[in-house]
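Reader: I would like a close look at one part of this model, with the aromatic rings as the topic. Please keep it plain and give the geometry where there is some.

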Amino acid sequence: MRAQPPLLLAVLTFHLLHGALSQEHAPSRVIVLLDNNKVFPMSEKDMGIQLTGTVGTQGAFLYKITDNSTVERKVEQLKSMAGVLAAEPDYKVYVNSTIPNDPKFQDQWHLAKVSAPAAWDISTGMQEVKVCVVDSGVRVDHPDLASQVAAGFNLVPADETNPNNPPPAATDPQYKNFNDTLGHGTHVAGTIAALTNNNLGVAGTAWNVRLVVCRFIWNDGSGYISDAMNCLKLCQGEGALISSNSWGGIAKSDFLATELQAANQAGQLFVVAAGNNGQDMDATPLYPASFVDIPNVLSVASTDVNDVISGFSNYGKNTIHISAPGEAILSTTYDGAYGQMWGTSMATPIVTAAAALVQSVAMAAGRTLTHTEVKEYVLKGVDATADGANKVITGGRLNIYKALQAVRADFPLALSPSPPPPSPSPPPPSPPPPSPPPPVASPPPPSPPPPSPPPPVASPPPPSPPFPSPLPPVLSPPPPSPPPPSPPTPVASPPPPSPSPPPPPSPLLPSPLASPPPPSPVASPPPPSPDVSITLNPKTIQCGTSVAKGRPAFQSSTATGRPASLAVDGSCNTNPAAAPFCAQTDPNDRDPYWYLDLGKELVVRSVMITTRADVSWEALGSAQVLLGNQSWVDGGSVGSFSLCGSVESAFGPNTRQPVYCNQGRGQLARYVVIYRPASQTQLTLCEVDVVADTPADTSLNYNPQQQQQQQQQQRGSRKLQRWLHMA
């Protein structure tokens, strides 16, 4: 047996250390293994060390240095003794987390929050795993995305002025032009699979997976569920059996439910945003997120940096499965750069990427999981949170590392090698070469995934009880006819690294203009009703300089630090991350309104509303602009006010939109009210300008009855079918 070491070998010579040890270590401890056959007694005091304990199972001992020697000198001293088999510093180690070299990675707070760096030690994804991005397309020549796209389709007509225009045919070159000119899909795609470890831009969540892009969101931020359903089918044909869907917000659609059930039969996981209405989906379901009884649906709420469910996020203890970061998410943008966005749209691609990593780990072990098994593993990867306990099924926020650990535990061969070395910087972006359109109108039906023995995974939480009845429309005056389901909204995803230089853009990529034109930051004013020949007053005004600036403003409630006056302070700043520049009501306000006192009666021709720079603009969709000459008290004052107009339901980010009163001819009023009745969602206004004249400046021919008829005609001519908003 090895003797206890109260004594050490005597030594007559000492060796100087000629170079410092490179590894970090404890400042005054050494680990020593002795040879029992060569012990010469000498006191610890003379050696300048003191025994503090044993180490491991090999019979080594831990000594504290007591003579002020450096660790390096003491190790050399001990190693020189004939009776010492080994001596080392007590090295300091760290959690082995893979950190990419993308310069903006440090600003992507959400990746650390979901333990992505630790997860990347297990897997950064496999190219064989394809993710379907059902959104507004992807900027095809973005340097962090161009090499990540395996295939793509476009279902948005070239002429978007007529909602009845059909999507491009499979033989039309536009069918493969999925270039993003809105920005939502590019952001979603970058979050999932931006090219990573390439010394450029941002990091993706699942570096090495490939994207199949289907563009169905129009440039006004809306789309049709008929096109969304076709996108799912097209992606199945390309083998993309995990889909990211940052859109929704409609009443229950039987057609969409049937399509999701078909996707379930095809083995496709449907990851979907909960929506940004700030409401309990158990009580007021919105779809497709509320299809909790369809096995392939995985719904996602948004959380902030403190793991609190975002004020704008929908939730539901029995409806929404999991939460993930959804505020100030940094990703790729449609102008070829990088930027932050807010919304459940941003949380969804993080969970989508987690699902792709789960499948990648299993495939590395020679197994292919079913879509429901992938879902189960994702839902195992959760950090419990106080706020999530009563708001999502799993009771917490995504932890990708935990999910991959669960897969690795069930499939030991899934221990993947260390992450690939950094890939060289990608070549400068260039538009992809044109590709001939496919000869077939639609892709072949998807083949079922290869069978694989199910892992011993716990069953997910039971589905919620039967759905409550759908949410009634928010608009006071109901639309002329029930609108068919309408279009959803997009998000972005991150790119993966590769052991070799990034491949050139896939020949399947579309060939748009060399530099696709970005969408205009300002929404065009709605045209007058086709059967009312009135010329709109062309008078406009610079943001923050109208008669509204500095006037007394009030609102029904106030979110912390966001009073009503911020909407008329003249700042016109739309970035909510920089400072509270926008007025905002409390998210629990069930009848939100904002109103302004102009001080005297004026001929109000239009009210210009400026939105935030993120994706929370649906907090304005369908809001009513009201005018009156009596002070506004609350929602009961509606009878004393006239309708100027309604905010378009699809109201883009960072947009300044006019709502014209009396077809631009104006209406006498002292008070301006922006009202969203019975919506229980935040009303967010970054700047409100009022274009107005004094009564003496113009001849006003105002007829309330005529105005009401004209407003009805306007509403009837809009895209009433577009009820899907960006999630």
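Author: What follows covers the aromatic rings, then a glycine elsewhere in the chain. The model is predicted.

The count of aromatic pairs comes to 11. One of them joins W247 and F270, whose ring centres are 6.0 Å apart with 80° between the planes. Planes over 60 degrees apart count as edge-to-face, and the W247–F270 pair is of that kind. In the chain, W247 lies in strand β9 (residues 247-248) and F270 in strand β10 (residues 269-273). The two residues are 23 apart in sequence, and the pair links distant parts of the chain. W247 is buried, and F270 is buried as well.

Ring pairs also build a cluster, made up of Y593, W632, F641 and Y675.

A ring can also have a charge over it, as at Y315: the charged end of K391 sits over the Y315 ring, 5.2 Å from the ring centre.

The glycine is G183, in the loop between β6 (149-154) and α5 (184-193). Is G183 buried or exposed? G183 has a relative accessible area of 7%; buried means under 20%, so G183 is buried. Apart from neighbours within four places in sequence, G183 is in contact with S136, Y334 and M341. Of these contacts, Y334 lies 151 residues from G183 along the chain, yet the C-alpha atoms of G183 and Y334 are separated by 4.6 Å.

How values were computed: Residues are numbered from 1 along each chain as its sequence is written. This is a predicted model: local features need pLDDT of at least 70, side-chain atom pairs count only at pLDDT 80 or more; totals for chains, interfaces and linings use all residues. Side-chain values use heavy atoms; hydrogens and water are left out. Rings of Phe, Tyr and Trp (its six-membered ring) pair if their centres lie within 6.5 Å; planes under 30 degrees apart count as stacked, over 60 as edge-to-face and the rest as tilted. Helices (H or I, at least four residues) and strands (E, at least two) are DSSP runs, numbered from the N terminus. Buried means under 20% relative accessible area, exposed over 50%, partly exposed in between (1.4 Å probe, protein chains only). A charge sits over a ring if NZ of Lys or CZ of Arg is within 6 Å of the ring centre and within 35 degrees of the ring normal. Contact means heavy atoms within 4.5 Å.
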